[in-house]
Structure formats: structure tokens, C-alpha cells
Amino acid sequence: MTLDLDAYFARIGWAGSTDRRPTVEVLRSVHRAHMLGIPFENLEPLLGSAPSLALPDLERKLVRGERGGYCYEHNTLLAAALTQLGFRVTLLTARVVLGAAPGDIRPRTHMLMQVHVEGAAAGAGEGEPVSWLADVGFGAHGALLEPIPLVVDTELLDTPRRHRLVHAPHDGPLEMWELQTDKGGYWEPQYEFTLEPFEAPDYDVINWHIATNPRSPFRQALYAQRTLPGLHRALSGRTLVETADDGTVQERELSGPAEVLRVLAEDFGVRLPEGTVLPG
């Protein structure tokens, strides 16, 4: 199956649909539109099932349904769209280091991708491929809004955010990359990855583990994120945090499952079937 690109572009509100060449400008604008258009949420794991990563199911849920998803769903969907647009995409996995205690070693469970664009960078020779890191599925305020060139020590101003890529200490045979976010005076590590390719069956296994393991954070609490022009919303359990682009933060506790469902629908664009009962 191929993705219905017209429906996908309508869903994310992408206005550049007349130019579908695999250029950096298209990559940037589609990436940002996806981030602004489809929310992050983990409701399938929270309610006891593993979400399908089959493209027809992703189209039904994220494109045609009023739902979002987590990293495997978002990035599988984006990878399909970019591939149909003519980009060459390599799927990767990362180890999330955001929030990890010193000495903690987390498994590689985050999905992201390397996108190859012909002759994309200033000074690149004709037909010379240039790689970009793309990721629309990282459920955090430090997530990329636009892809970042895979060049060590490069910085990206993906307004209102700022990111950079550095090399991290590593004992393995491949270089370890680390994505960092500017937190207003210091660079906060988000995740680490190598450029080893992964395939769809790898994510089937990782997705099932993350969605069904009782110790997985996605089984234990609700997480929803919505990036909007000028504002980022995050819902963790019953705690709603809204962060404006100027750094102003508002936080409040929701009263219970009924208000959580209402806020998901009205503020995050996530509408669940009638009769859905949330834990707690």
C-alpha cells in the first residue's frame, strides 16, 4: 500500500503541495507541518494494546481519525510520505538520555530517521547526497521542529527552539551522535544514536515491548503532547503544562478522567471512542 499523500498533506495542513520534489525546503516544511498537525499520545499502550504500525492502520488512525500516536507511528508515517516524495530514508533507533540518572543505561527504543537529499547543502556538488536527521515522534518539549543536518557540532535554529548535534563518548565501532536542545544557557541532551540501519521488523519487536511491558512508562501513565504556533502543551497523567514561546509556563492538575478526556479532545485534538474509560 502507498500512503494517500493528499489526505496526509490535508491532515498536517501542508501548504506546499504543488511542489513535491525531494528538496530540503520540502523536507523542512513537511517535517514542521507534521509536528504542528498531529499530536503525540500513548493511549493504546495505556489501555492495554500495542498500536499497529501497518500503513493502512496508521493512515486510518493518524491521518483520517482524530488521533495521534507515539514515535513508531509518527515516524513510520513520515518515512512513508518522504519515500513517496522521492527521498531516500534510513530508519534508526536512539537511546533516550533525557531525564536519565547518572550511570543509567536505557535501551534503544526511540525511532528516528536519516534522510538523504541530493545536493542539499550549500557548497555540495551536483548529485552529492547530504544527510539530515528527521524525527517527528519525540514526545518532549525539546523535540525537533525541523530536520537538522547530520554534521557534527552543527546548530539548528528551528524557531522557537534551538538544537545541535555532537559526538558523544562511545566504545562501539560506530560514531555516537547526541541531539541536544538549548535550554536557555546550557545544552540539554535528548537522545543518542548511531547510523546503523534498522528495519520494520525491528520496530515491530520494540513497539510490542514498549506497549506491553508492565514496566514501560507508556503502560503506566498518559502522555500527550501538542505543538502549536506560539505554544506547547504537555499532559502527563493529570498534569497539564502549557509553555509559551517566550518561556512562560502555566501548570494545573485536571480533576479526573472525565476532564482528561475533554482536554484531550478540545486542547490536543485526540478524540476517543464513546465509552472509553481511562485508568485512574
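This is a short dialogue on reading helix packing, unusual backbone angles and residue surroundings in a predicted model.

Biologist: Let's start with helix H5. How far apart are its end C-alpha atoms, and what span should its residues give?

Modeller: A good place to begin. H5 covers residues 71-85, and at 1.5 Å a residue its 15 residues should span 21 Å. The end C-alpha atoms are 21 Å apart, so the expected span and the model agree. Just after the helix comes Gly-86, with a positive phi near 105°.

Biologist: How many residues of H5 are buried?

Modeller: The count is 13 of the 15, so H5 is largely enclosed by the rest of the structure. Three of the helices that pack against H5 are H1, H4 and H2.

Biologist: How should I describe a pair of packed helices?

Modeller: Two numbers do the job: the angle between the axes and the distance between them. Take H1, residues 5-12: H1 and H5 pack at about 125°, with axes 11 Å apart. That angle makes H1 oblique to H5. The crossing of H1 past H5 is left-handed.

Biologist: Which residues make that contact?

Modeller: From H1 come Leu-5, Tyr-8 and Phe-9, and from H5 come Leu-77, Leu-78, Ala-81, Gln-84 and Leu-85. By class, seven of these contact residues are nonpolar, one is polar and none is charged.

Biologist: Why do residues three or four places apart turn up together on a helix face?

Modeller: An α-helix has 3.6 residues a turn, so residues three or four places apart point the same way. Keep that in mind when you read the contact lists.

Biologist: And H4, at what angle do its axis and that of H5 cross?

Modeller: H4 is residues 55-63, and the two axes cross at roughly 110° and come within 10 Å. At that angle H4 counts as roughly perpendicular to H5. On the H4 side, Leu-55, Leu-58, Lys-61, Leu-62 and Val-63 meet Glu-73, His-74, Thr-76, Leu-77 and Ala-80 of H5. This contact has six nonpolar, two polar and two charged residues.

Biologist: Which way does H2 run relative to H5, parallel or antiparallel?

Modeller: Look at the angle: H2, residues 24-37, packs on H5 at about 150°, with the axes 12 Å apart. Angles over 145 degrees count as roughly antiparallel, and H2 and H5 are therefore roughly antiparallel to each other. Here the crossing is right-handed. H2 contributes Val-26, Leu-27, Val-30, His-31 and His-34, while H5 contributes His-74, Leu-77, Leu-78, Leu-82 and Leu-85. The classes are seven nonpolar, three polar and no charged residues.

Biologist: Let's turn to the backbone. What is the usual pattern for phi and for peptide bonds?

Modeller: Most residues other than glycine have a negative phi, and most peptide bonds are trans. In this model, Asp-153 is not a glycine, yet its phi is positive, about 65°. Asp-153 sits in the loop between E5 and E6, and it is exposed, with a relative accessible area of 55%.

Biologist: Where is there a cis peptide bond?

Modeller: Between Thr-159 and Pro-160, with omega about 10°. Pro-160 belongs to the loop between E6 and strand E7, residues 161-168.

Biologist: Is Thr-154 buried or exposed, and what does it touch?

Modeller: Thr-154 lies in the loop between E5 (148-149) and E6 (155-158). Its relative accessible area is 16%, so Thr-154 is buried. Leaving aside residues up to four places away in sequence, Thr-154 touches Ile-148, Pro-149, His-163, Arg-164 and Leu-165.

Biologist: What about Phe-193, in which strand is it?

Modeller: Phe-193 is in strand E9, residues 187-193, and at 0% relative accessibility it counts as buried. Beyond four places in sequence, the contacts of Phe-193 include Leu-92, Leu-112, Leu-133, Leu-165 and Trp-177. Phe-193 and Pro-160 are 33 residues apart in sequence and 24 Å apart in space, C-alpha to C-alpha.

Biologist: One last case: where is Arg-271?

Modeller: Arg-271 is in the segment after helix H8 (257-267). With a relative accessible area of 44%, Arg-271 is partly exposed. Its C-alpha atom is separated by 7.8 Å from that of Leu-261, 10 residues apart along the chain. Not counting residues up to four places away, Arg-271 touches Glu-66, Arg-67 and Ala-265.

Conventions. Residues are numbered from 1 along each chain as its sequence is written. This is a predicted model: local features need pLDDT of at least 70, side-chain atom pairs count only at pLDDT 80 or more; totals for chains, interfaces and linings use all residues. Side-chain values use heavy atoms; hydrogens and water are left out. Helices (H or I, at least four residues) and strands (E, at least two) are DSSP runs, numbered from the N terminus. The expected span of a helix is 1.5 Å times one less than its number of residues. Buried means under 20% relative accessible area, exposed over 50%, partly exposed in between (1.4 Å probe, protein chains only). Axes are lines fitted to C-alpha atoms, for helices over the stretch in contact, and angles run from 0 to 180 degrees between N-to-C directions. Angles under 35 degrees count as roughly parallel, over 145 as roughly antiparallel, 65 to 115 as roughly perpendicular and the rest as oblique. A crossing is left-handed if the near helix is turned anticlockwise from the far one by less than a right angle, and right-handed if clockwise. Contact means heavy atoms within 4.5 Å. Ala, Val, Leu, Ile, Met, Phe, Trp, Tyr, Cys and Pro count as nonpolar, Asp, Glu, Lys and Arg as charged, and the others, Gly among them, as polar.
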